[in-house]
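I opened my notebook to look through a structure that is new to me. My aim is to go from the overall fold down to single residues.

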Amino acid sequence: MRSTARGYGRAIESGNVQGNGGYAQVGEFLCSTAVLDDRPMSDAYQICHGKGRSFRIGD
C-alpha cells in the first residue's frame, strides 16, 4: 500500500491525473482524491481501490 500511495503522490505532483477527482491508475489500484464540499481539494483525502480492497491516504 505504501508504494501505491507514493506512486499516486508522484502522479499528482507530475499532473498525470484525470478529471475532477484526480484519477490515476497505480499498478492494480485506481486512486482518486475525494471531492468534499466542506474542504478544499488540497485538504481532502485520497482513496485507492483494487485487488478486492481499498485504502485511504490521509484524513
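These entries record what I looked up, step by step.

**Confidence.** I began with how far to trust the coordinates. The model is predicted. Its average pLDDT is 90, and 97% of the residues score at least 70. I then compared the elements. Strand 1 (residues 24-26) has the highest mean pLDDT, 97, and strand 4 (residues 53-57) has the lowest, 93.

**The sheet.** Next I asked in what order the strands form the sheet. The four strands follow the order 1-2-3-4 in an open sheet, with antiparallel pairing. Strand 1 and strand 4 are at the edges; each has a single partner strand, so one side of each lacks a neighbour in the sheet. I also noted the turn between neighbouring strands, which averages 25 degrees with direction ignored. Then I looked at one pair. Strand 2 and strand 3 (residues 46-50) run antiparallel and are joined by four bridges.

**The helix.** I turned to what packs on the sheet. Helix 1 (residues 2-14) does, and it touches strand 1, strand 2, strand 3 and strand 4. The direction of helix 1 makes about 55 degrees with that of strand 2.

**Thr 33.** I picked one residue to follow. Thr 33 is found in strand 2 (residues 29-33). Its bridge partner in strand 3 is Gln 46. Is Thr 33 buried or exposed? Its relative accessibility is 9%, under the 20% cut-off, so Thr 33 counts as buried. Its side chain also makes a polar contact with the side chain of Tyr 8, at 3.0 Å.

**The core.** Tyr 8 came up again when I listed the largest nonpolar core. That core has nine residues: Tyr 8, Ala 11, Ala 24, Val 26, Phe 29, Cys 31, Cys 48, Phe 55 and Ile 57. At least two residues of this core come from each of helix 1, strand 1, strand 2 and strand 4. I added a general reminder: in soluble globular proteins, nonpolar side chains tend to be buried together.

I checked the contacts of one core member, Ala 24, leaving aside neighbours within four places in sequence. Ala 24 is in contact with Tyr 8, Ala 11, Asn 16, Val 17, Phe 29, Leu 30 and Cys 31.

**Lys 51.** My last stop was a loop. Lys 51 lies between strand 3 and strand 4. Its phi is near 55 degrees, a positive value in a residue other than glycine. With a relative accessible area of 52%, over the 50% cut-off, Lys 51 is exposed.

How values were computed:
Residues numbered from 1 in each chain as written. Predicted model: local features only at pLDDT ≥ 70, side-chain atom pairs only at ≥ 80, totals over all residues. Heavy atoms only, no water. pLDDT = per-residue confidence, 0-100. Buried < 20%, exposed > 50% of the residue type's maximum accessible area, 1.4 Å probe, protein only. Polar contact = N/O pair within 3.5 Å; in protein donor to acceptor, adjacent residues only side chain to side chain. Pairing = 2+ DSSP bridges. Axes fitted to C-alpha atoms, helices over the stretch in contact; angles between N-to-C directions. Contact = heavy atoms within 4.5 Å. Core = buried A, V, L, I, M, F, W, Y, C linked by side-chain atoms within 4.5 Å.
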